[in-house]
Amino acid sequence: MGINIKIMGVEKIKEKVLITGGNRGLGYELVKVFLRNGYEVFAVVRSIEGKGKLEKEFKENCYPIVADISSDDSIKIIKSTLTKYTDQIDILINNAGITAKEHEIMKVTTNEMSNLFHIHCLGVVRTVQATLEMLYNSKNPRIINVSSRLGSLTKMASGEFKGRNFSYSYRIAKAAQNMLTICLDQELRDKGIYLGAIHPGKLKTNMAASDADMNPSEGANNIYNWVSSLKVKDRVEFVQPLVNELEW
Ligand SMILES: NC(=O)c1ccc[n+]([C@@H]2O[C@H](COP(=O)([O-])OP(=O)(O)OC[C@H]3O[C@@H](n4cnc5c(N)ncnc54)[C@H](OP(=O)(O)O)[C@@H]3O)[C@@H](O)[C@H]2O)c1
């Protein structure tokens, strides 16, 4: 089961992280930073090309899993693939996401809204269902949901983004994901699992907003440094790691 390393004759079990959307953008940078720091990384990608890219680049400790988290099939695929390698996951990072465009109610389609909800909110339900038993086998299990400043009801209600033409679908899907994070915390913290929601920064990725100002590698390093020191007893947070706390 996985590969462990020996330090001074004592076997050190590598921590294991599952990251969705690991083939590009923030997810790819997260894969790199966790590998650099000695983790075994399970990267969920939705295409064979994404899997090939990771396999070519990372010969050890990186296990791509091809699954589309917008489909219920992903639950079985993720669970059965993980079972081949491990019975423990220490950190689940729900990073995969898509963007949307319509910002006027008469142009929004329920199809677009449904697609976004399926990935940002239901995708998290699916990966949690796929990994929960394995998270219970960790000494310090953490679930981190990559949210967005645009999912903050408080920021939205304050008018901070008024006139910026951000899509209905994305804002609503991230707000729903935030509620899911709080619901999960209320069920799972007493069972020993830490929950957190993060805004990763305004990243220069394919999904970049017009005010993007941060390289995804910097965002990934901040997330790594933050998440690697979290403990279950810490309260549920909505933060930009190492930068500030956000209001829900
Ligand atoms: N960029 C920002 O400034 C910013 C700010 C706040 C929050 N975020 C959040 O940060 C996360 C990462 O964003 P990013 O900027 O790195 O975006 P990105 O560069 O567009 O990458 C998105 C990743 O998600 C994967 N993905 C999308 N739908 C999927 C599905 N159904 N199943 C599996 N994987 C799927 C993509 O795979 P493919 O390559 O196959 O499409 C890709 O690997 C997202 O949740 C986003 O909402 C980003």
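Me: Contact means heavy atoms within 4.5 Å, so which residues in α4 meet which ones in α7?
Reply: In this predicted model, the α4 side consists of Glu 112, Met 113, Leu 116, Phe 117 and His 120, and these meet Tyr 168, Ser 169, Tyr 170, Ile 172, Ala 173, Lys 174, Ala 176 and Gln 177 in α7.

Me: And by class, how many of those are nonpolar, polar or charged?
Reply: The contact of α4 with α7 has 8 nonpolar residues, together with 3 polar and 2 charged ones.

Me: How would I describe the way two helices pack?
Reply: Two packed helices are described by the angle between their axes and by the distance between those axes. For α4 and α7, the axes cross at roughly 30° and come within 9 Å, and the crossing is right-handed.

Me: OK, and α5 with α7, at what angle do they pack?
Reply: The angle between α5 and α7 is about 25°, and their axes are 13 Å apart. Because angles under 35 degrees count as roughly parallel, α5 is roughly parallel to α7. As α5 passes α7, the crossing is right-handed.

Me: Which residues make that contact?
Reply: On the α5 side they are Val 124, Val 125, Val 128, Leu 132 and Tyr 136, while α7 brings Gln 177, Leu 180, Leu 184 and Leu 188. Sorted by class, the contact of α5 with α7 holds 8 nonpolar residues and 1 polar residue, with no charged residue.

Me: Switching helices, what about α1 and α8, how far apart are their axes?
Reply: Helix α1, which covers residues 25-36, and helix α8, which covers residues 216-227, have axes 8 Å apart and pack at an angle of about 50°. That angle makes α1 oblique to α8, and α1 passes α8 in a right-handed crossing.

Me: Who touches whom there?
Reply: From α1, the contact takes in Gly 25, Leu 26, Glu 29, Leu 30, Val 33, Phe 34 and Arg 36, and from α8 it takes in Pro 216, Ser 217, Gly 219, Ala 220, Asn 221, Ile 223, Tyr 224 and Val 227. Between α1 and α8, the contact residues comprise 9 nonpolar, 4 polar and 2 charged.

Me: New topic, pockets: what volume does the largest one have?
Reply: The largest pocket has a volume of about 1,000 Å³. Its lining counts 45 residues, and those closest to the centre are Gly 97, Ile 98, Thr 99, Thr 205 and Met 207.

Me: Which helices or strands contribute two or more residues to that lining?
Reply: The elements that do so are α1, β4 (40-45), α4 (110-120) and α7 (168-188). Of these, α1 gives the most to the lining of the largest pocket, namely 3 residues. Across the whole lining of this pocket there are 18 nonpolar, 19 polar and 8 charged residues.

Me: And the second largest pocket, how many residues line it?
Reply: The second largest pocket is lined by 10 residues, and Ile 13, Glu 15, Gln 88, Asp 90 and Lys 139 are the ones that lie nearest its centre. Its volume is about 240 Å³, and its lining is made up of 1 nonpolar, 4 polar and 5 charged residues.

Me: Last thing, how many cavities of 30 Å³ or more are there?
Reply: A search of the whole structure finds 1 cavity of that size, and the largest cavity has a volume of about 50 Å³.

Me: What lines that largest cavity?
Reply: The lining of the largest cavity consists of Thr 20, Ile 69, Asn 94, Asn 95, Ala 96, Ile 119, His 120, Gly 123, Val 124, Thr 127 and Gln 177. The elements that give two or more residues to this lining are α4 and α5 (122-136), and α5 gives the most, with 3 residues. By class, the cavity lining has 4 nonpolar and 7 polar residues, and no charged ones.

Definitions and conventions:
Residues numbered from 1 in each chain as written. Predicted model: local features only at pLDDT ≥ 70, side-chain atom pairs only at ≥ 80, totals over all residues. Heavy atoms only, no water. Axes fitted to C-alpha atoms, helices over the stretch in contact; angles between N-to-C directions. Helix = DSSP H or I, 4+ residues; strand = E, 2+ residues; numbered from the N terminus. Parallel < 35°, antiparallel > 145°, perpendicular 65-115°, else oblique. Left-handed = near helix turned anticlockwise from the far one by under 90°. Contact = heavy atoms within 4.5 Å. Nonpolar A, V, L, I, M, F, W, Y, C, P; charged D, E, K, R; others polar. 1 Å grid on protein atoms, 1.4 Å probe; cavity = no way out; pocket = protein on both sides within 12 Å on 5 of 7 lines; lining within 4 Å. Points joined across faces, edges and corners; volume = space filled by probe spheres on them.
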